[in-house]
Amino acid sequence: MSQNAMKRLYLMQVGSMPEYQIPIVCYLVQTGDGKNILIDSGLPEIMPEGESEFENGQDVIEQLASIGLKPDDIDTVISTHYDIDHAGRHAAFTKAQYVVQRVHHLDAASNPRFAANRPQWDQPMERIRLVDGDTELLPGLELIETSGHVPGHQSVLVRLPKTGAILLPIDAVPFGEGFTRDEQDDGSNPDAEAIRVSTIKLLDLVEREHIGLVIFGHDKEQWEGLKKLPEYYE
Ligand SMILES: [Zn+2]
């Protein structure tokens, strides 16, 4: 196994949507050569006006501190997309390079959906790595373009030495019940077709790679049975 291969995956719940009991989560990957890679950063410390459906829990900074990491120890932030419950603490990681799909970053610049959270994700361009489509970031760490939820959304595949491959669809598949080839379009969602294409892309990936664990983006029932920081998958 090469030194920079993936070693550990930590799961953190950093908040919730109380009305629906939905967990807000982010992830930390550690490599064999000591790199710390954050996947999303959770909710902002102070919620912008009108975002009352979210509730903060123990935030990403506190959770990282509990395993001995400071914000400056984070080398990379994989940004799946700029929604407020996924990119709310990006600006805290001042030493990190941000990795995001080009399509998403360019869309966000003029999309009102991401305006309130702009101070978090609008970082100096020399610190942002724009990627185009599926990308192997490191050996055992792959970004999978899964537009639909938003343009240029990305999911993440982590290959661990013991557990094997773990797929993190993020908001491409927020709930396990949606991970199906069955048609779910009731005509109400204009993005339904793109969501379906991405869902099938991930289902094909799981079959092809024999992926044993898929951790859905906001699935309370599944989340309750998973290992959370300080525990980890290895
Ligand atoms: Zn989400």
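**Close-up views of the predicted model**

**Figure 1. Glu-142 in strand 9 is the bridge partner of Glu-136.** The model shown here and in the other views is predicted. Strand 8 (residues 135-138) pairs with strand 9 in the antiparallel sense, over 3 bridges. The two strands make a hairpin with 2 residues between them, and Gly-140 in this hairpin takes a positive phi near 90°. Strand 9 covers residues 141-145, and 4 of its 5 residues are buried, so the strand is mostly covered.

**Figure 2. Strand 9 also pairs with strand 10 (residues 154-160).** The two strands run antiparallel and are joined by 5 bridges. Glu-142, the partner of Glu-136 in Figure 1, has Leu-157 as its bridge partner in strand 10. Leu-141 stands opposite Val-158 of strand 10. Of the 7 residues of strand 10, 6 are buried, so the rest of the structure largely encloses this strand.

**Figure 3. Strand 10 and strand 11 (residues 164-170) form an antiparallel pair with 5 bridges.** The connection between them is a hairpin, with 3 residues between the strands. Leu-157, which is the bridge partner of Glu-142, stands opposite Leu-167 in strand 11. Strand 10 therefore appears both in this view and in the previous one, and 6 of its 7 residues are buried.

**Figure 4. An open sheet is built from 7 strands in the order 4-1-2-3-5-6-7.** The pairing in this sheet is mixed. Strand 4 (55-56) and strand 7 (128-131) are the edge strands; each has a single partner strand, so one side of each has no neighbour in the sheet. Within the sheet, strand 1 (residues 6-17) and strand 2 (residues 22-31) pair over 10 bridges in the antiparallel sense. Met-6 stands opposite Thr-31 of strand 2 in this pair.

**Figure 5. The zinc ion is coordinated by His-86, Asp-171 and His-218.** Each histidine contributes its NE2 atom, and Asp-171 is listed with OD twice. The coordinating atoms lie at 2.0 to 2.7 Å. The 4 donor atoms subtend angles of 53 to 124° around the zinc ion, which makes the arrangement irregular. A tetrahedral assignment would need all angles to lie between 85 and 135 degrees. For comparison, the ideal angle for four tetrahedral donors is 109.5 degrees.

**Figure 6. The donors of the zinc ion follow the spacing H-x84-D-x46-H along the chain.** The histidine pair links distant parts of the chain, with His-86 and His-218 lying 132 residues apart. His-86 is in the loop between strand 5 (76-78) and strand 6 (97-101). His-218 is in the loop between strand 12 (213-216) and helix 5 (220-224). Both His-86 and His-218 are buried.

**Figure 7. Ala-96 is placed in the loop between strand 5 and strand 6.** This loop also holds His-86. Ala-96 has a relative accessibility of 2% and so counts as buried. Not counting residues up to four places away in sequence, Ala-96 touches Ile-74, Asp-75, Thr-76, Val-77 and Arg-127. Trp-223 is 127 residues from Ala-96 in sequence, and the two are 27 Å apart in space, C-alpha to C-alpha.

**Figure 8. His-105 lies in helix 2 (residues 102-108).** With a relative accessible area of 7%, His-105 is buried. The side chains of His-105 and Tyr-82 are joined by a polar contact of 2.8 Å. Leaving aside residues up to four places away in sequence, His-105 touches Tyr-82, Val-100, Trp-121, Met-125, Ile-128 and Leu-130. From His-105 to Glu-207 the C-alpha to C-alpha distance is 30 Å, with 102 residues separating the two in sequence.

**Figure 9. The whole chain, with 5 helices and 12 strands, is the setting for the close-ups.** The chain has a radius of gyration of 17 Å, which agrees with the value near 17 Å for a compact globule of 234 residues. The C-alpha trace spans about 45 × 45 × 35 Å along its principal axes. Buried residues make up 51% of the 234 residues. Of the contacts between residues at least 6 apart in sequence, 62% join residues at least 24 apart.

Conventions. Residues are numbered from 1 along each chain as its sequence is written. This is a predicted model: local features need pLDDT of at least 70, side-chain atom pairs count only at pLDDT 80 or more; totals for chains, interfaces and linings use all residues. Side-chain values use heavy atoms; hydrogens and water are left out. Donors are N, O and S atoms within 2.8 Å of the metal (3.2 Å for Na, K and Ca); water is not among the atoms, so sites may look incomplete. Four donors count as tetrahedral if all angles lie between 85 and 135 degrees; four count as square planar and six as octahedral if opposite donors are over 155 degrees apart and all others between 65 and 115; anything else is irregular. Helices (H or I, at least four residues) and strands (E, at least two) are DSSP runs, numbered from the N terminus. Buried means under 20% relative accessible area, exposed over 50%, partly exposed in between (1.4 Å probe, protein chains only). Contact means heavy atoms within 4.5 Å. A polar contact is a pair of N or O atoms within 3.5 Å; within protein, one must be able to donate a hydrogen and the other to accept it, and residues adjacent in sequence count only if both atoms are side-chain atoms. Two strands pair if DSSP finds at least two bridges between them. The radius of gyration is taken over C-alpha atoms; the globule rule is 2.2 Å times the number of residues to the power 0.38.
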